[in-house]
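Here are a few notes to go with your first look at this one. Have the view open while you read.

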Amino acid sequence: MNDTVIKTKRLTKKYGTQTVVNKVGLHVQKGRIYGLLGRNGAGKTTIMKMILGLTPITSGSAEVFGREIGGNAKRIYSRIGAIIETPGFYPNLTGTENLEIFARLRGTAFPNAVKNALEVVGLPYKDKKTFAHYSLGMKQRLGIANAILHDPELLILDEPTNGLDPIGIAEVREFIKALSVEHGKTILISSHILSEISVLADDIGIIDQGVLLEESSMRELEKRNGKYILLQVSDIPKTILILERSFHVKDYSVQDEQTVRIYDTTLNMGEVNKALVMEEITVIRSGICNDTLEDYFKKITGGEGIA
Amino acid sequence: MRILLWAEFQKLRRSNIIMFTIFATILIAVIVLVSGITGQLAINSAGWYMTITQVWATMFVLPAVIALLGSYMICREEQDDTLKSLQLIPVNEIKLTVAKMTVALLFSILIYLLLFLITFLTEAALHFSALSMAVFSDFLKMYLLEGIGVFFAVSPIIALVPYLKKSYWLALVLAEVYSFSGLFMSMSNALKTFYPITAIFGVSGYYETTIQSRGCSLGILVLCGCISALLLKNLNHRQKE
Amino acid sequence: MLRLVRIEFCKLRRKNSVWVMLVSAFVMPFFAFLYFGYLGQTNIDPRLFYKWSAFGYTSFIILPFILGLFGTMLMHDENRYDMLKQLWIVPVSKMGYFFSKFFVVLAYSICFMFINAFATVLFGVIPNYVVVEWSSILFLLERCFEIAVLTAIAILPILAVSASQKGYIFPICITLLYVFAGFLITPVNTWLHPISCIMVIIARNGAVPGMTLPQSSVPLELLSICVWGIASVLFANLRLSKRK
């Protein structure tokens, strides 16, 4: 059993001479939430469209459930639910009627699928309001309902909280989390909102100007960018020697000629300082630091922040 | 396929376009009747109303209305941005298009049936004694064949709309000029047989022609259908690339 | 007002279908060309040729239909993209909005008829059907201008209907029927329908040969057009002020 649900290899998309997506290699693991983070126009939607086979791939490949979409559409699509950009529906029909059309076209087996899906996203069943009169938030919810209608194993959600109010965002976040934790769904979610990804995702991919800059698990990222002890000293090699010998510190990284980061925050700093001073090393600064994802994002995208 | 047809009908719910086409059909009948009554023709000669209504309707109004209805349905998915969702189901696009065209054909027939019903009842009110079973069935056949014929004659225009990037406007102008040109084509016997709009009359039996030219007219309409099928098939290919 | 009209023209940028629609001005001259070619006539009375290519079906059916579509198109774009709200808070007065559309339609109508006149001369002179005479060409231009202005006014009801509606389908059906009704009603009664009124005005003093019309009192026809025009402006005013 292969545990990678989505795998792309050197996925590239060019419009004329402009490269929108450049050699992206994504790996989405089964049962996890993968957050694709990037600014507006970074290429997130294009990547999702290529994965779904909605837009031709210029070069490279994208595999879903171990197969390429082309030719296997019927089998693979029934296992995927997706929202790409703002979802479109028939404006003259109500939400329920819209979903019924999609449910019947899919041949969904469960009789209460439409009702359940609407319940999950918090929209009324058999309402009289037509889609044309829906608010932006309701439209988005209906889009999500359509994506989960047929109980798919994989959800591909392109900015699902777009247009929702803060309470709506929190609700959507809750049930996305629940879908993953309770029902074991695999979810690929894109967003330009960093905080959203940081609370939701298990794995994260950071994309900027079509290039995947970083792909790692959230835990690893936190480890690297979360809490650490920053030690600024006059002599790095000597310090490391002391740290390794006397304190058995293995998890550290040297930043420059004077700075070292220690990721084991349980270390007794009093003892360390004492030991260093005894070895005639000047301690310029020592203390616990906390880097946010925001800082990290700025750093890897070359200075530009994100909302 | 049945589900697709069902879905197409569902999509037309609450859609005003159906109301408007019915409204337009009734108004044509009324306008012809008014002009017929003021000109004394409708009252004096039995059968005039039923004959003239279908001619004017086919020459001026209904081809454009049916083209509008058809192109509205064809462009629907792109207009409402539902194509992505349908592709993900996945829905076979050729089947989807066939379903749409079938619904358009059904509507074309229904519109003509409605027109038949109105004109027949009016005729019955005006000259009840002149009506017979033969008149009824002859006219019913004529209207039915025209309903089918009009659909085939305008189908290339419907198929052309997606290529025009959602300009229904152009399609409408095209449909109107196309149907209205039938007036001039009917002046020459050869053109009358081969021009799609007048060919409808040849097939429906309004023009009294030979079997051969009737066959030619039928061939032309079938050719129109083939052209639109080709256009639509090509479109689906183009979208995939 | 002038500013509004100029803005309307700006909105037409990159709308190719507007220009393509002008091509239909060539339809009738072309048919006239075919028709007289079919009859094998030369040295036709220029007015007879003009009647075919410019005064007949062009002004009866094609021009009103095209203008109706064009007007609906102008109105529909703003409705579709929900622009009206933004316009009202600029603020743009509702009648100013309506009339700016009307002037664009008028300008388009004049363009259309001049293209038609040009095509008429082209198709008449090149195959040697009619002799070039400045007086007859001037007559053609003058009448084309009249048709253009009058038809633009006659199309006001359509413009009013499309201003009151969100969709485009209903106004289009109305356009079709309106044009069709005008065509059918003309042999019976000319002052009921604006389009048939135009016919009478164009054919006044027997200027167009072979056009038999039941009535021929120009003032009455003008009055009828005015009544229709004013009624539609009032209707548009009522509907636009009710709409949010």
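1. A word on burial before anything else: a residue is buried under 20% relative accessible area, exposed over 50%, and partly exposed in between, with a 1.4 Å probe and protein chains only. By that yardstick, 50% of the 307 residues of chain A count as buried.

2. Some housekeeping: this is a predicted model, where local features need pLDDT of at least 70 and side-chain atom pairs count only at pLDDT 80 or more, while totals for chains, interfaces and linings use all residues. Residues are numbered from 1 along each chain as its sequence is written, chains are lettered from A and ligands numbered from 1 in the order written, and side-chain values use heavy atoms, leaving out hydrogens and water.

3. Chain A holds 11 helices and 15 strands; these are DSSP runs (helices H or I, at least four residues; strands E, at least two), numbered from the N terminus. The C-alpha trace spans about 80 × 40 × 40 Å along its principal axes.

4. Now find the open sheet of four strands, ordered E13-E14-E12-E15 in chain A, with antiparallel pairing (two strands pair if DSSP finds at least two bridges between them). E13 (252-254) and E15 (283-290) of chain A are at the edges with a single partner strand each, so one side of each has no neighbour in the sheet.

5. Which strand do seven bridges join to E15(A)? That is E12 (residues 227-233) of chain A, and the two run antiparallel. Across this pair, A:Ile229 sits opposite A:Ile288 of E15(A).
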